[in-house]
Every structure is written in C-alpha cells, then in structure tokens.
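Colleague: I'm new to this one and would like a close look at a single part of it. Could you walk me through how the helices there meet?

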Amino acid sequence: MPYVRDTLNNLKQSSPAQTEFYQAAEEVLECLRPLFQRCPHYLEHNIIERIVEPERQIMFRICWTDDNGKVQVNKGYRVQFNSALGPYKGGLRFHSSVTSGTIKFLGFEQIFKNALTGLSIGGGKGGSNFDPKGRSDGEVMRFCQAYMTELYRYIGSTTDVPAGDIGVGPREIGYLYGQYKRITGRYEGILTGKGLNWGGSIGRKEATGYGAVYFAQNMLTARAETLQGKTCLVSGAGNVAIYTIEKLIELGAKPITCSDSGGTLHDPDGIDLALLKELKEVQRTSLQDYLKTRDNAHYITADEYPADDHAVWRINADIAFPCATQNELTAADADALLKNGINCVSEGANMPSTTDAVNCFINAKIAYGPGKAANAGGVATSQLEMAQNSSMEQWSLEKVDEKLKAIMANIHQQCADTAAEFDDPTNLVLGANIAGFRRVADTMIEHGVV
Ligand code: NDP
C-alpha cells in the first residue's frame, strides 16, 4: 500500500531527526493496512496524513535561576496533537533526554490510547529537557513556575489538561498548579494528578501501575491463567513501577525486580515495597541503597551489560512489566525473555519495546499488551479526576478503582475483538491500533475538514 510508505517518507522529510516519532507512526500505520483495504474511505478523506500532523506545537524558552544564582535556560514543549475526541490530554515529561521528537511520539501514542479508554479526551503531550534529579526543591519550584508562566496561556479545563510523566510527580504538579493560580487567579481543573487537598482524585497516583496489572489479568484470564503465584519482572522504580509492584503483591504475585537509570535491583525474596517507596518517593535516592537493609538482594549496574542488553530482562520469571522508558526492551532482550519462558508482557511505560522486540512477542503469540492499551489506566483516571472537578465531587477509592477495572477490561475486550475481526486474534497491537484509530478517524470525518 503506497500511502503508508509515502506518508512515512514525507514525515522523515518534513520533520527531520525524530526517530522515536517515526517508530511510533510506523507501528500504527503498518497495523492499519488491513483496515484501509476493507474501508478505503479513510484514505479518501486523507485521514492518514491529517492524523500524523499535530494540530499545534508550542515551543518556548524557560529561564530560571539555580541555587548558585546562575541563570539556566531550558526548552519547553506542548504538542496539541488531536482534539477530535475532547480536550488535549497527556502528561508533561521533565528529563534531560527530551526533544521535540520525544514529545511528538508521546503525543501521537496518546491519541490512540485516549481513544481506547472510550472517554472524551484528545491527545497531547508536553515537557522539557530539564531534569529534576539532583535539583533542590527550590530549584524545581522556580523551574516549574517559569515553565507554567509560558504554558498557562495555552491550557484550560476544556481545552488542554496536562498531567505528570517521567520527572513530573506530585511535587512538580503542585508547583505548576500554584503558579497557574497565581497568574490567572483561577482555581480550576487545568492539571490532573493534583493533591487530594486541592482537587486531586483518590486513586490517580496508583492508576497507571494498577491498570497495567489489571490489563495483564485480563490477558491471562482470556488464556485460562491467573497472576496468583507468578514471578514478575518489573523495570523502572518510579510512579508506574511502584504501583505495578503494589498491585502485583496484593494479587498474590511475586515481583522480584525493579530498575533505575543506574541499574537493576534483583530481590529473589520479592521486592520490599515499603523500602522501595521510602527510597524513591521520600529520599529520592539510588536503588543501590536498598542493599543496605536487604541481604539477599543484589544490584546489577547498567554498564555490566552491553548497550542493547538489559539485566532486568535476563532474570528467570513468568511475566514482565516494562515500566521505565521507551526502547528499554530490545530484540535481544525479548529473545532472552522468551527463552526463559515468559508468556505475558504488559507495558506500563510508553513504547518500551523496540519494533523488533514487539515483532518477537507477536510472532511468539504470547499475551502481549502494548503500552497504549496496557498503561491507559493513568489517563483514564485523569479523566475521572476532571469529571470530579467539574461536578465538585470527590469519589471514594472503591468507586474510582471499580471504574478503572471496568475501563481496563473494556480496553482489553476492544483490542481482542478487533484483533479477531482482522483474523489475527492474539495480536493486541493490531487490535489496539485499529480500534483506537477508528474512533478518532470516524469523528474526524464527522467534524469535516478542520
Ligand atoms: P518516573 O519519573 O516516576 O519514573 C521513571 C523511572 O524510569 C525511574 O525509575 C527512572 O530511573 C527510570 N528511567 C527513566 N529514564 C530512564 C532511562 N533512560 N534509562 C533507564 N531508566 C530510566 O516516571 P513514570 O513512572 O511516571 O513513567 C514511567 C513510564 O510510564 C514512562 O514511559 C511514561 O511515559 C509512562 N507512563 C506514565 C504514566 C503516569 O501516569 N505517570 C501514564 C502512562 C504512561 P531514574 O530515576 O534513575 O531516572
């Protein structure tokens, strides 16, 4: 089908050096081929070229002063990708590796993820190449204030509602919100992931990790298996990883790893969740400090493995939850997982598996839940936060968790049904991409050429 190749080639010309974005676009467009064969009207409306182009991209300079009185300059981004289904929705990432291509890939994925939730949310993403790691609270606050001083004019509770992502947790959301309120004088739901005292939703912090585990549960149930007693590999040691581990323990599974940018922690007795939370949520320190209190655990530093191999995926277990960052699981890692008998992978992170790794999982026909389906619980619960803000209510944990479970079950069902409809019943990547795309594309057609 020439349209797919042409569109990808045009992207490379018009948006140079955005490799992560091409990777995300290629995966979606390749999956859509059978849909275009059955439904050529999507091509007639030229949805394919319209959907890969963001509606709006905002880039700005952020100047702030560090603790030594030195003026620092960072880049700021907000990509408002697609508003067919509702206000732009998607997190902010603060990490030194962030480029406009990173934000574009994340915003593009967000369109289809948000569509799969069945809720009224469009796709967007933002961030900065600022890294909060190693910065004092005062520095993080001044940076967040400077960032919001630019961003505030582009967001709103019915237009664009950012949230957290890598490097943006409750502390950063608080500083961003405070500055928005100071500038505008308004107290409204312009961010999600807010504190419980000031408009946040119970259960939002836990939602992405819990959702990834619920998605795994759904995949396993469809194969007459359960999580009970299963040994699990988890990567990352941030928000998504911690609450994946929490839910796994609650459901009787045994998570034995987590990781940070320095390396992999392996605790064969099962991760001590309270200790992990203390190290990462309170002290903000390295995972290596875990070894001070747990004798049986060991920490494998990242440089002990070649660039394309990751220690966390070489450990024997039943199920894998990649929860750190994009392309953290390569084809070599996927091979190792499959050889070790892994039969289920549920992605908490966005695009954590490389294209070749994804193909290994699809070909092996294991239960593989791609990030845009498996980690959609976070954004879905953000939308529940928006609903609570607009009705001035606060729901109980039971109510939020019940809704999260139902949303994850529904996403799984849509992916499985769509995969079956296109004669590839175990391929949830195909199912997720087609189901998400159809909802957005049908709406774009109904809205006319805008
Ligand atoms: P956090 O910042 O809380 O944690 C990120 C974790 O990943 C940290 O342990 C970090 O280690 C590690 N990490 C980050 N970059 C790298 C890297 N280049 N190499 C190795 N390890 C790395 O982020 P979240 O937990 O919120 O996000 C994790 C993933 O989940 C991301 O892909 C994000 O897009 C995705 N996601 C998050 C959602 C949310 O609600 N927060 C919603 C949906 C998806 P270190 O601290 O050493 O840097």
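At what angle do helix H14 and helix H15 pack, and how far apart are their axes?

Modeller: Happy to, and keep in mind that this is a predicted model. Helix H14 covers residues 377-391 and helix H15 covers residues 397-421; the two pack at about 135 degrees, and their axes are 10 Å apart. Angles over 145 degrees would count as roughly antiparallel and 65 to 115 as roughly perpendicular, so H14 and H15 end up oblique to each other. Their crossing is right-handed. On the H14 side, the contact is made by Gly377, Ala380, Thr381, Leu384 and Gln388, while H15 brings in Val400, Lys403, Leu404, Ile407 and Met408. Sort those residues by class and you get six nonpolar, three polar and one charged.

Now stay on H14 and look at another partner, helix H8, which spans residues 204-222. The axes of H8 and H14 come within 7 Å and cross at roughly 150 degrees. With the cut-off for roughly antiparallel set at over 145 degrees, that pair is therefore roughly antiparallel. H8 passes H14 in a right-handed crossing. Here Arg204, Ala207 and Thr208 of H8 meet Gly377, Gly378, Val379, Thr381, Ser382 and Glu385 of H14. By class, this contact has two nonpolar, five polar and two charged residues. If you're following along on the model, pick out Gly377 and Thr381: they're among the H14 residues that touch H15, and they also turn up among those that meet H8.

H15 has a further partner too, helix H16, made of residues 428-447. H15 and H16 pack at about 100 degrees with their axes 7 Å apart, and that angle makes them roughly perpendicular. From H15, the contact takes in His412, Gln414, Cys415, Ala416, Thr418, Ala419 and Glu421; from H16, it takes in Leu428, Leu430, Gly431, Ala432, Ile434, Ala435 and Arg438. This set divides into eight nonpolar, four polar and two charged residues.

One last link, back through H8, leads to the ligand. Thr208, which is part of the H8 contact with H14, is also one of the residues that come nearest to the ligand, along with Lys133, Asp165, Ser261 and Asn350, out of 24 around it. As for polar atoms, a side-chain N or O atom of Ser261 is 2.4 Å from an oxygen atom of the ligand. The backbone plays a part as well: a polar backbone atom of Val240 is 2.9 Å from a ligand oxygen, and a backbone N or O atom of Gly348 lies 3.4 Å from one.

Technical notes. Residues are numbered from 1 along each chain as its sequence is written. This is a predicted model: local features need pLDDT of at least 70, side-chain atom pairs count only at pLDDT 80 or more; totals for chains, interfaces and linings use all residues. Side-chain values use heavy atoms; hydrogens and water are left out. Axes are lines fitted to C-alpha atoms, for helices over the stretch in contact, and angles run from 0 to 180 degrees between N-to-C directions. Helices (H or I, at least four residues) and strands (E, at least two) are DSSP runs, numbered from the N terminus. Angles under 35 degrees count as roughly parallel, over 145 as roughly antiparallel, 65 to 115 as roughly perpendicular and the rest as oblique. A crossing is left-handed if the near helix is turned anticlockwise from the far one by less than a right angle, and right-handed if clockwise. Contact means heavy atoms within 4.5 Å. Ala, Val, Leu, Ile, Met, Phe, Trp, Tyr, Cys and Pro count as nonpolar, Asp, Glu, Lys and Arg as charged, and the others, Gly among them, as polar. A residue is near a molecule or strand if one of its heavy atoms lies within 4 Å of it. A polar contact is a pair of N or O atoms within 3.5 Å; within protein, one must be able to donate a hydrogen and the other to accept it, and residues adjacent in sequence count only if both atoms are side-chain atoms.
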